[in-house]
Amino acid sequence: MSDPLSRLVGELARLPGIGPKTAGRLAHHLLRVPEAQARELAAAIVEVKEKLFHCSRCNAITAVDPCRFCADEGRDRTRICVVEEPFNIQPIERTGEFRGLYHVLLGALSPQRGIGPDELAIPQLLARLDGVEEVVLATNPNVEGEATALYLARLLRPRVAHVTRLAFGMPVGGDIEFTDEVTLARSLAGRREL
Amino acid sequence: MRFRRAEALILDVQPLGDADRIVAFLTREAGSLRGVARGARRRYSRHAGQLQLLSKVDLQWLEREGRELARVTSVELLRPADGFLGTLEGLLTASYLAESVRAFAPEGEPQELLYRLLDTTVEALLAGTGPGLATRYFEVWLLRLAGVFPFPSPCPVCGAELAGGARLVGGGESLVCAACGGPGGETVPPEALRFLAAAARLPLPRMAAEGFTAAALAAVERLATAVRRHFLQQELRSYQVMARTLQGA
């Protein structure tokens, strides 16, 4: 393998979820595409590194500070939705159900990987609570996300009137028959009156 | 290629790409292993809810020559661990137990006793045994099974009984009486020695009736921590995170 190709494979393999084989396939694909397309990709990568950064208030990815969520006076400033990563914001936005502000923790508590509260953007969250009536904890429903939510709930309850957690349950369009026991048990525990 | 099936306890679950997860698990016969659960991150995956930390499952997997990771082909939940994962303390304790097992169980070696220890500890936690008592019992037995716990016997220097207290010396290698221990080393009070003696003869569910104080449990924790650190030459990450998190909360 020639040296530039090895370098490209090595760089691609450093991306999350990409192993050496996939990196090799991607590199050979890039060799085949027109040069302009390859330059577009390279320019796009450089551009996001040069122009994008974390919002100084909420840590969302933005090209202007404050970000469009924090700057939007039309959003409900009494509610903050807490997520683990910047890419968690978009799925919530797409629902159209939440019109408050966001706060990105930039991670989650992960005891087995040595990530504790000090590694998360928790002090910045606590500094944003003036006038906030509800904090929605939208961390993932796994060990890391649950630990983070439970930890934050303890910190937030004395400071905020309502600390809420996203509901757990069956996916819309799913079947009871094929739903695992843990999810179904949580669905039952979180059932609501109609 | 070898197809295998066993009862397993889930030790860790991590995302792999957009659709899969890497699962670390403990079995009696095959010990500690890791495998890829294909599609476990997908929305409609049956694996998603079953692959919870410390849940007991009926697991089937495929071992392939020369591959570090097995392929998990089937998971059926036998006992969820949800009962004690609903609190911050429970989640942190579960992570600590799981990392402890992974630190002391070499991959691929049979672990009958370690499996039984973790299984009974989880069972006791689900039955309502306090996390402090269960974790100290687990720590003592984990270190005993690893052959690194200096169990209290007469002082190896002067032969005196240790019932009146002891000191951990040699960086965690032996317990000697207070007179022989000198100024250094971890002090082990009589209550902690009583805990060690009880743990040697009683199953975990019967330990609660012995009425150990918080101070005694704290002394056992200090002792076990010193021995573990000396053996591993480092501290477990989950133990550090647990201490920092509970301190802040």
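## A hairpin and a small sheet in chain B

Let's start with one pair of residues: Leu168(B) stands opposite Glu186(B), which sits in strand E8(B). Keep in mind that what you are looking at is a predicted model. Leu168(B) falls within strand E6(B), which covers residues 166-169, and E6(B) pairs with E8(B) in the antiparallel sense over three bridges.

E6(B) also has a partner in E7(B): the two run antiparallel and are joined by four bridges. One place to spot this is Ala166(B), whose bridge partner in E7(B) is Cys177(B). Together E6(B) and E7(B) make a hairpin, with four residues between the strands. Look in the turn for Gly170(B), which has a positive phi of about 70°.

Put these pieces together and you get an open, antiparallel sheet of three strands in chain B, in the order E7-E6-E8. At its edges are E7 (174-177) and E8 (186-188) of chain B, each pairing on one side only. From one strand to the next, the twist averages 35°. What lies across these strands? Helix H9 of chain B, residues 214-232, lies across E6, E7 and E8 of that chain. H9(B) runs at about 20° to E6(B).

## A parallel sheet in chain A

Now over to chain A, where four strands form an open sheet in the order E4-E3-E5-E6, with parallel pairing. Strands E4 (100-104) and E6 (162-165) of chain A stand at the edges with a single partner strand each, so one side of each has no neighbour in the sheet. Ignoring direction, neighbouring strands here are turned by 25° against each other on average.

For a closer look, take E5(A), residues 134-137: four bridges join this strand to E6(A), and the two run parallel. Leu137(A) has Arg165(A) as its bridge partner in E6(A).

## Two backbone oddities in chain A

As a rule, most peptide bonds are trans, and most residues other than glycine have a negative phi. Chain A has exceptions to look for. The peptide bond from Asp65(A) to Pro66(A) is cis, with omega near 0°. You'll find Pro66(A) in the loop between strand E2 (61-62) and helix H4 (68-71) of chain A.

Then there is Leu106(A), which is not a glycine but has a positive phi of about 65°. Leu106(A) is in a loop too, the one between E4 and helix H6 (122-126) of chain A.

## Where the two chains meet

How much of each chain takes part in the contact? On the chain B side 35 residues are in contact with 31 residues of chain A. The area buried between the two chains is about 2600 Å², and carbon and sulfur atoms give 54% of that.

There are five salt bridges between chain B and chain A. One of them links Arg186(A) to Asp82(B), with the closest N and O atoms 3.4 Å apart. Counting residue pairs in polar contact, with both residues at pLDDT 80 or more, gives nine between the chains.

Which parts of chain B supply at least two residues each to the side that touches chain A? They are strand E1 (2-16) and helices H1 (47-50), H2 (82-85), H3 (88-104) and H10 (237-248). H3(B) gives the most, with eight residues. Sorted by class, the side of chain B that touches chain A has 14 nonpolar, twelve polar and nine charged residues.

Methods. Residues numbered from 1 in each chain as written. Chains lettered and ligands numbered in written order. Predicted model: local features only at pLDDT ≥ 70, side-chain atom pairs only at ≥ 80, totals over all residues. Heavy atoms only, no water. Contact = heavy atoms within 4.5 Å. Buried area = accessible area lost by both parts, 1.4 Å probe. Salt bridge = Lys/Arg side-chain N within 4 Å of Asp/Glu carboxyl O. Polar contact = N/O pair within 3.5 Å; in protein donor to acceptor, adjacent residues only side chain to side chain. Nonpolar A, V, L, I, M, F, W, Y, C, P; charged D, E, K, R; others polar. Pairing = 2+ DSSP bridges. Axes fitted to C-alpha atoms, helices over the stretch in contact; angles between N-to-C directions.
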